[in-house]
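Work through the exercises below with the model open. Try each task before you read its solution.

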Amino acid sequence: MASQPPALDILVREPDGFSVWSGPPYPTGSAPPVRLPKTACSATYFSSDGSRLLATVASASATVYDCRTLSVVRSFELPGLLAAALSPAGTFLQTFQKSSSPQEKNVTVWHVDTATALYQHYQKNMSKATWPMVQFSADESVACRMMTNEIQFFEPKDFTKGFVYKLRMPGIAAMQLASAPGSHVAGFVPEAKGVPASVQIFSCDKDAQGQAVARRSFFRCSTVQFHWNKGSTGLLVVAQADVDKTNQSYYGETKLNYLTTDRAFEGIVPLIMPARATIFNKKCNPLLELGEGPYNTIRWNPKGRWFGNLPGDMAFWDYSEKKLVGKTKAECSVTSEWSPDGRHFMTATTAPRLQIDNGIKIFDHNGSLQFKKMFEKLYQADWKPEAPEKFSDIADLTISLGSIKIEETKKQAQGSKSAQPSSKAPANIAAKPTAYRPPHSKNSADVQDKLFGGLASTGGEMSKNALRNKKRREKQKEKKAAEGSGASADDN
């Protein structure tokens, strides 16, 4: 007999505390059942596997709940508490407290069930990039932390041993342990004294850490974001610089790199934003292009479908069938995420990002609005994590892409240009305006073809910069040809 899938839960946090709701579906016109009444807190977090919930009160305490019963597992009184984090399975609690001196150890790894302090050390400060200090794999079999010029590894079953081995990495400024499985770790070394920045991937196996299994170097990079895939075989690296020295972006420079642990691919992932969204395979070959955007957000459904978000517009697609499932609107969404069973999609407008029109909307998997609730102020709305494998597949309710089109959000006024017939459309239909592309992405049809494997349209005239560069290249070719002809004449 097949086991019953777990129930969906939603965490909602307001200024005066958090509560836990039962998830959808809800009867029409009814409010969600409340599993845990509103409780005072400063912040709340689920463990990665959804088994436990952490609620903290700033400078005072941390409380861990069992998500199945929502009863308190353990409460910790922690004066001067600044940050806290649960390990992926909720076995360990990590806390950071104010410290008056290096002799006062302010970072502690606790065993939640016994409230035992397993490991402590002093840390002068912490940031979003370095917290939590100790990182765990999904099964909590591997644990490590970054220290000056090295990564230190622990035995999670016995933290009292301290670190059991270390990986030297001079100049390391950020790291990320692969989660499922915890087989590899990535480290970032910023550029210094003319030496380019680098990202290196090492095995977590003590006997196989002699050299990096993958490496990528680049200039103009001050910070990075790491994103491991499930299976720990590939790593996306978002390399960022505060200042774009090419003067192509006011917001600095960002590049997306991809590395694989088998070295099958190490390079840049081609991007053209904000005009298009393209899905690539693990070898960075384009699989599907959505066409004109801009697409601000894409969310993968745990059951294989995914969601593209235009400014206020949402399109739901079945990726495997290349079919549009549905479309709707969710203006001013700050957060958006699929439910673990893949049947519902929740968007939330939250403070402090937006101070008005705070609220939650829940849609079914084809984009139909199922529930809406407004708040005077809302800080957080999250699904309780669950493994997608615990839920059955979704019945196919798809509409052929060829029979439906996403409506344009704005009607373009007809002008002299739009009145001209398009070479790709009947003469009685106005030509569609070309989507905006940043200057540095308007190079040529050849570049577009390389990036999208022939899938991208190349409509529109060349930009002034591209035209100028083309003329300069042509002049250089003519100059070289003339120099070559002169040299031949001299030889004769």
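## Exercise 1: a strand and its partners

Val-189 has Ser-198 in S18 as its bridge partner. The model is predicted: local features need pLDDT of at least 70, side-chain atom pairs count only at pLDDT 80 or more, and totals for chains, interfaces and linings use all residues. Residues are numbered from 1 along each chain as its sequence is written, and side-chain values use heavy atoms, with hydrogens and water left out.

**Task.** Find the strands that pair with S17, and decide how S17 is covered.

**Solution.**
- Step 1. Set the terms. Strands (E, at least two residues) and helices (H or I, at least four) are DSSP runs, numbered from the N terminus. Two strands pair if DSSP finds at least two bridges between them.
- Step 2. Take S18, residues 197-203. S17 pairs with S18 in the antiparallel sense, over six bridges.
- Step 3. Turn to S16, residues 174-177. Four bridges join S16 to S17, and the two run antiparallel. Met-175 has Gly-187 in S17 as its bridge partner. Six residues lie between S16 and S17 in this hairpin.
- Step 4. Check burial. Buried means under 20% relative accessible area, exposed over 50%, and partly exposed in between (1.4 Å probe, protein chains only). In S17, residues 184-189, six of six residues are buried.
- Step 5. Split the faces. In a regular strand the side chains alternate between the two faces of the sheet. His-184, Ala-186 and Phe-188 are buried on one side of S17, and Val-185, Gly-187 and Val-189 on the other.

## Exercise 2: the strand S1

**Task.** Which strands pair with S1, and over how many bridges?

**Solution.**
- Step 1. S2 covers residues 17-22 and pairs with S1 in the antiparallel sense over six bridges. Asp-9 stands opposite Ser-22 in S2. Two residues separate S1 and S2 in their hairpin.
- Step 2. S34 covers residues 380-383 and pairs with S1, also antiparallel, over four bridges. Here Leu-11 stands opposite Asp-382.
- Step 3. S1 spans residues 9-14, and six of its six residues are buried. One side carries Asp-9, Leu-11 and Arg-13; the other carries Ile-10, Val-12 and Glu-14.

## Exercise 3: aromatic rings

**Task.** How many aromatic pairs are there? Then describe the pair of Tyr-119 and Phe-159.

**Solution.**
- Step 1. Rings of Phe, Tyr and Trp (its six-membered ring) pair if their centres lie within 6.5 Å; planes under 30 degrees apart count as stacked, over 60 as edge-to-face and the rest as tilted. By this rule there are 17 aromatic pairs.
- Step 2. Tyr-119 and Phe-159 form a tilted pair, 6.4 Å centre to centre with 35° between the planes.
- Step 3. Tyr-119 lies in S11 (residues 116-121) and Phe-159 in the loop between S14 (150-154) and S15 (163-168), so the pair ties together parts that are 40 residues apart in sequence.
- Step 4. Tyr-119 counts as buried because its relative accessibility is 12%. Phe-159 is buried too, at 2%.
- Step 5. Compare Phe-153 and Tyr-165. This pair is stacked: 4.8 Å centre to centre, 15° between the planes. Phe-153 in S14 and Tyr-165 in S15 are twelve residues apart.
- Step 6. Look for a cluster. Ring pairs link Phe-92, Tyr-119, Phe-136, Phe-154 and Phe-159.

## Exercise 4: one acidic residue

**Task.** Is Glu-150 buried or exposed, and which residues does Glu-150 touch?

**Solution.**
- Step 1. Glu-150 lies in S14. Glu-150 is buried, at 9% relative accessibility.
- Step 2. A polar contact is a pair of N or O atoms within 3.5 Å; within protein, one must be able to donate a hydrogen and the other to accept it, and residues adjacent in sequence count only if both atoms are side-chain atoms. The side chains of Glu-150 and Gln-152 make one of 2.8 Å.
- Step 3. Contact means heavy atoms within 4.5 Å. Not counting residues up to four places away in sequence, Glu-150 touches Arg-145, Lys-166, Leu-167, Arg-168, Met-169 and Ile-172.
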